[in-house]
Amino acid sequence: GALAMGYAFLSGEAKAAIKVSLPVLQREYGFKKMHFWGKIKGMAGDYLVAQGITHSVKDASKQFFWCTDGASWAQMLEPDAASREACAKINPAALLTGDPAFQYTVPRSAPPAEEG
């Protein structure tokens, strides 16, 4: 999907929701700074991304959040090794669907052949 940075591309409703929800998210997690990062365009819907920073920008611990409506944010967790490996198998030409419940199918590795 395409990536757009800033607020200019957002609807008035999304801008208003973000303006209210990001300060709440900042307080809940104790972030020093909270930034709207941008929008990732999907085929049927878009994903909004925000970033919380716990310290100064130079020595920062960053956490990312996503939502589709500007209000109901969910934390993006750091993927484990198995998830990174599975994601690497997804066709790079695959587009984001815009449906958070969609699960990509990844090819399974063939089990090792038994020696006989």
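The predicted model of this protein has an average pLDDT of 83, and 82% of the residues score at least 70. Confidence varies along the chain: the lowest mean, 48, belongs to strand β1 (residues 3–4), whereas strand β5 (residues 74–76) has the highest, at 94. It is worth keeping these values in mind while browsing the structure.

The protein contains two helices and five strands. Read from the N terminus, these elements follow the order β-α-β-β-β-β-α. Of its 116 residues, 24% count as buried. The accessible surface comes to about 8300 Å², and carbon and sulfur atoms account for 56% of that area. Sequence-distant residues also meet in the fold: among contacts between residues at least 6 apart in sequence, 41% join residues at least 24 apart.

A helpful place to start a closer look is helix α1 (residues 12–29), where Ser21 lies. With a relative accessibility of 10%, Ser21 counts as buried because this value is under the 20% cut-off. The side chain of Ser21 reaches the backbone oxygen of Gly70 at a distance of 2.7 Å. Gly70 is also one of the residues that Ser21 touches once those up to four places away in sequence are set aside; the others are Ala71 and Trp73. Helix α1 is thus linked, through Ser21, to Gly70, Ala71 and Trp73.

Charged side chains come next. The count of salt bridges is two. In one of them, the side chains of Lys39 and Asp46 meet with an N to O distance of 3.5 Å. Asp46 also forms a salt bridge with Lys41, and here the closest N and O atoms are 3.9 Å apart. Through these shared partners, Lys39, Lys41 and Asp46 are joined into one network. The three residues can also be described by their accessibility. Lys39 has a relative accessible area of 11% and is classed as buried, because buried means under 20%. Asp46, at 22% relative accessibility, counts as partly exposed, and Lys41 is likewise partly exposed, with a relative accessible area of 39%. The network therefore brings together a buried lysine, Lys39, and the partly exposed residues Asp46 and Lys41.

The remaining features involve the part of the chain that follows helix α2. Ile90 is found in the segment after α2 and is partly exposed, with a relative accessible area of 24%. Leaving out residues up to four places away in sequence, Ile90 touches Tyr104 and Val106. Between those two contact partners in the numbering sits Thr105, and the C-alpha atoms of Ile90 and Thr105 are 7.6 Å apart in space, although the residues are 15 apart in sequence.

Leu96 also lies in the segment after α2 (81–88), and with a relative accessible area of 30% it is partly exposed. Together with Phe102 and Tyr104, Leu96 makes a nonpolar surface patch of about 240 Å². Tyr104 thus appears twice in this part of the model, as a member of the patch and as a contact of Ile90. For readers following along in the structure, Tyr104 is a convenient residue from which to view both the patch and the contact with Ile90.

Technical notes: Residues are numbered from 1 along each chain as its sequence is written. This is a predicted model: local features need pLDDT of at least 70, side-chain atom pairs count only at pLDDT 80 or more; totals for chains, interfaces and linings use all residues. Side-chain values use heavy atoms; hydrogens and water are left out. pLDDT is the predictor's confidence in each residue, from 0 to 100. Helices (H or I, at least four residues) and strands (E, at least two) are DSSP runs, numbered from the N terminus. Buried means under 20% relative accessible area, exposed over 50%, partly exposed in between (1.4 Å probe, protein chains only). A polar contact is a pair of N or O atoms within 3.5 Å; within protein, one must be able to donate a hydrogen and the other to accept it, and residues adjacent in sequence count only if both atoms are side-chain atoms. Contact means heavy atoms within 4.5 Å. Patches are made of residues with over 30% relative accessible area and no salt bridge: like charges are joined within 9 Å, nonpolar side chains (Val, Leu, Ile, Met, Phe, Trp, Tyr) within 5 Å. Accessible areas come from the Shrake-Rupley method with a 1.4 Å probe; for residues, only the protein chains shown count as cover. A salt bridge is a side-chain nitrogen of Lys or Arg within 4 Å of a carboxyl oxygen of Asp or Glu.
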